[in-house]
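This report covers the internal spaces, the cysteines, one helix and two single residues of the structure shown below.

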Amino acid sequence: MTNIDPQLEVRSGFLPVGVDHQLYFEDIGDITLEPLLFLHGGPGLGCEEKHRTQFDLKKYRVILLNQRGSGRSQTQGELNDNSTQLIVKDIETLRKRLKLEKFSLIGSSWGAVPATLYAAENPDRINTLLLKSPFLARRKDFLWGYSSQGVAQQLQWDWEQFSLKGRFQGSTLVQQYYSALVHAEAPKKERAAWACRWINWEGAQYFYNRPHEKIDLTPETITPYWMNVARIQIHYAKNNYFLDETGIMPSLEKLAATNIKGFCLQGGKDIITPASELEEVKAIWPSLEIKILPEADHKIPEEELLKL
């Protein structure tokens, strides 16, 4: 609760969405203000305390949803009944639980995927769709992260570690991790080593412009939280994010025909979701307002979020 007004009400609870999943959510601030629902990245990262105060609480009633298996949702790391389409349904279930007629929706990185799909399916419920460093979930985006011809070109040493010295890439590489970490009955330390390689590869990209902040995990230091994040990310990557090779582009095209206001914040130095990819997004959704922050990477400065 640090950096939050102690008099500001934080309502929280669990949303039952099936046998294996209860989603933890927080509903923060003045209920008379415009609701703003935040969808975290990952998949699997969950919401953090910092997310409570990164938006203007004098303007918005902020709602944080921890997706299936993520954060404080139960059961943590659960992969059964865990898909993109079910997350989209969960947004509607939460909307009904909180009795929201209309609200704004922000998707951060991976969170842009279910946010965009929901907005395209329920345009009458959305005021503004906000995309922060959006992941587009196309086949080309998958290959950017998991092949030697993508971001690996900028992170050759890290790619060597992740790809097992270049022996695997693309779907074959992800399948190796899936088999070893998700389906294997290998010793705990061996599974931890696979999870570390996965998370350290993600971290190498995230901290590319801030290497002094990066801390590599080891089988001795990895926590259950990061083990669960790795499992969920591998599950989604192995299943092509439960979308076809066009990712969220068809949904963005649908949004172009609606009255929803679209806004995108993107870092110019982002190597996870490069700003250049937004040219295709803009071509599909011309009214989308895009703000490029030249010095920012995948992490958007909090002062920019407070301006929303």
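A residue counts as buried when its relative accessible area is under 20%, and as exposed when that area is over 50%. The structure is a predicted model.

**Cysteines**

With a relative accessible area of 17%, C47 falls under the 20% cut-off and is therefore buried. C264 is buried as well, its relative accessible area being 1%. How many disulfides does the model contain? The count is zero. For C47 the reason is distance: the closest cysteine sulfur, in C264, lies 19 Å away, which is too far for a bond. A disulfide would need the two sulfur atoms within 2.5 Å. Seen from the other side, C264 takes part in no disulfide, and the sulfur of C47, 19 Å away, is its nearest cysteine sulfur.

**Cavities and a pocket**

Rolling a probe the size of a water molecule over the atoms shows where empty space is left. Two cavities of 30 Å³ or more are found in the model. The table sets them beside the second largest pocket.

| Space | Volume | Nonpolar lining residues | Polar lining residues | Charged lining residues |
|---|---|---|---|---|
| Largest cavity | about 40 Å³ | two | six | no |
| Second largest cavity | about 30 Å³ | three | three | three |
| Second largest pocket | about 240 Å³ | six | two | four |

The lining of the largest cavity consists of G44, G69, S70, G71, Q76, Y225, N228 and V229. No charged residue is present in that lining, which divides into two nonpolar and six polar residues.

Around the second largest cavity are Q205, Y206, Y208, N209, K269, D270, I271, D297 and H298. Here the lining includes three charged residues.

Which residues line the second largest pocket? They are L181, K188, K189, R191, A192, P219, I222, T223, P224, M227, N228 and R231. Helix 6 (188-206) and helix 7 (224-238) are the elements that give two or more residues to this lining. N228 appears in the lining of the largest cavity and also in that of the second largest pocket.

**Helix 6**

Helix 6 has 19 residues. From its first C-alpha to its last, helix 6 reaches 27 Å, close to the 27 Å expected at 1.5 Å a residue. Its buried residues are A192, W194, A195, C196, W198, I199, N200, W201, G203, A204 and Q205. In an α-helix there are 3.6 residues a turn, so residues three or four places apart point the same way. The buried residues of helix 6 pack against helix 3 (139-146), helix 4 (156-162), helix 5 (170-182) and helix 7. Two of the buried residues of helix 6 also line spaces: A192 is part of the lining of the second largest pocket, and Q205 belongs to the lining of the second largest cavity.

**Two single residues**

T116 lies in helix 2, residues 112-121. Is T116 buried or exposed? T116 is buried, with a relative accessible area of 0%. Leaving aside residues up to four places away in sequence, T116 touches L129, L131, I248, S251, L252 and L255.

E48 sits in the loop between strand 3 (34-39) and strand 4 (60-65). At 39% relative accessibility, E48 counts as partly exposed. E48 and R72 are 24 residues apart along the chain, and their C-alpha atoms are separated by 9.5 Å.

Note on methods. Residues are numbered from 1 along each chain as its sequence is written. This is a predicted model: local features need pLDDT of at least 70, side-chain atom pairs count only at pLDDT 80 or more; totals for chains, interfaces and linings use all residues. Side-chain values use heavy atoms; hydrogens and water are left out. On a 1 Å grid over the protein atoms alone, a cavity is a set of points where a 1.4 Å probe fits but cannot get out, and a pocket is an open set with protein on both sides within 12 Å along at least five of seven lines; lining residues have an atom within 4 Å of a point. Grid points are joined across faces, edges and corners, and a volume is the space filled by probe spheres set on the points. Ala, Val, Leu, Ile, Met, Phe, Trp, Tyr, Cys and Pro count as nonpolar, Asp, Glu, Lys and Arg as charged, and the others, Gly among them, as polar. Helices (H or I, at least four residues) and strands (E, at least two) are DSSP runs, numbered from the N terminus. Buried means under 20% relative accessible area, exposed over 50%, partly exposed in between (1.4 Å probe, protein chains only). The expected span of a helix is 1.5 Å times one less than its number of residues. Contact means heavy atoms within 4.5 Å.
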